[in-house]
Amino acid sequence: MKPIAIFGAGGFGLEVAMLIEQINEVAPQWDIIGFFDDGVPEGEVINDYTVLGGMQSLNDWSSDLSLVLALGIPKTKKSVFEKIRNPKVDFPVLIHPSVILGNKKYIKIGEGCIICAGTIITTNISIGKHVILNVACTVGHETEIGDFSSFMPTCNISGEVTIGESTFWGTGAKIINQTTVGDNVIVGAGAVVVKDIPVNVTVVGVPAKVIKQ
């Protein structure tokens, strides 16, 4: 089996380890060697997996290694990615066995994406690099999602939606069809986006309104 490590030993890191274990139950392919995390002491054991060190240890790793970024905050995720210099590291796509991929021929998923249990992705969809679709999200037809965006559980993305890079969507957020959201937007939990949202703002509520620029 191929060695894989998780960057981020927090709560979502534990869920990603669980996701990998559940993939292996269906089709064994990954050997989880541990976590990397600059905020947790090297050698600490979390859910039977050892913390192998931080960024320096990762960049010094001498053998081929698959790595997944278990970091929900887009800004943090992108920053960590940009610090990785090790040519031995690759970024696989992790898809839970229960995920429904509609027309696979017309679905593009970038490197490093994490697609969690119960998510449904229909057809003619482009998902950028290092995107997280947490538990039970839905993505409708002809939608584009930018790199490093993160969607918490039960987000619903309608058809013909364009979402920029490094957006964060709280639990249960929704967006109607034919709508565009700019880069670096934060959408609060339970918000419903019904019109285009510009870059670099925070929106909350039903309908979603800008509360911070």
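Hi everyone, this is a short tour of two sheets and a pocket in one structure. Please keep in mind that we are looking at a predicted model.

Let's begin with the sheets. In general, strands of a sheet pair through backbone hydrogen bonds, either parallel or antiparallel. One open sheet here has 8 strands, and if you walk across it you meet β7, β10, β13, β16, β19, β22, β24 and β25 in that order, with mixed pairing. At its edges stand β7 (94-95) and β25 (209-212); each has a single partner strand, so one side of each is left without a neighbour in the sheet.

Let me zoom in on one pair in there. Strands β10 (residues 114-115) and β13 (residues 132-133) run parallel and share 2 bridges, and Ile115 sits opposite Leu133 of β13.

Now for another open sheet, this one with 6 strands and parallel pairing: β8-β11-β14-β17-β20-β23. Which strands stand at the edges? They are β8 (100-101) and β23 (192-193), and because each has a single partner strand, one side of each lacks a neighbour in the sheet. Further in, β11 (residues 120-121) and β14 (residues 138-139) are parallel and joined by 2 bridges, with Ile120 partnered by Thr138 in β14.

On to the largest pocket, which holds about 170 Å³ of space. Its lining is Ile73, Pro74, Lys75, Lys78, Ser166, Phe168, Asn184 and Ile186: 4 nonpolar, 2 polar and 2 charged residues. Helix α3 (residues 74-83) contributes the most to that lining, with 3 residues. And where does the lining come from? Domain 1 (2-91) and domain 2 (95-197) each supply at least three residues.

Thanks for listening!

How values were computed. Residues are numbered from 1 along each chain as its sequence is written. This is a predicted model: local features need pLDDT of at least 70, side-chain atom pairs count only at pLDDT 80 or more; totals for chains, interfaces and linings use all residues. Side-chain values use heavy atoms; hydrogens and water are left out. Two strands pair if DSSP finds at least two bridges between them. Helices (H or I, at least four residues) and strands (E, at least two) are DSSP runs, numbered from the N terminus. On a 1 Å grid over the protein atoms alone, a cavity is a set of points where a 1.4 Å probe fits but cannot get out, and a pocket is an open set with protein on both sides within 12 Å along at least five of seven lines; lining residues have an atom within 4 Å of a point. Grid points are joined across faces, edges and corners, and a volume is the space filled by probe spheres set on the points. Ala, Val, Leu, Ile, Met, Phe, Trp, Tyr, Cys and Pro count as nonpolar, Asp, Glu, Lys and Arg as charged, and the others, Gly among them, as polar. Domain bounds come from an automatic or database domain assignment.
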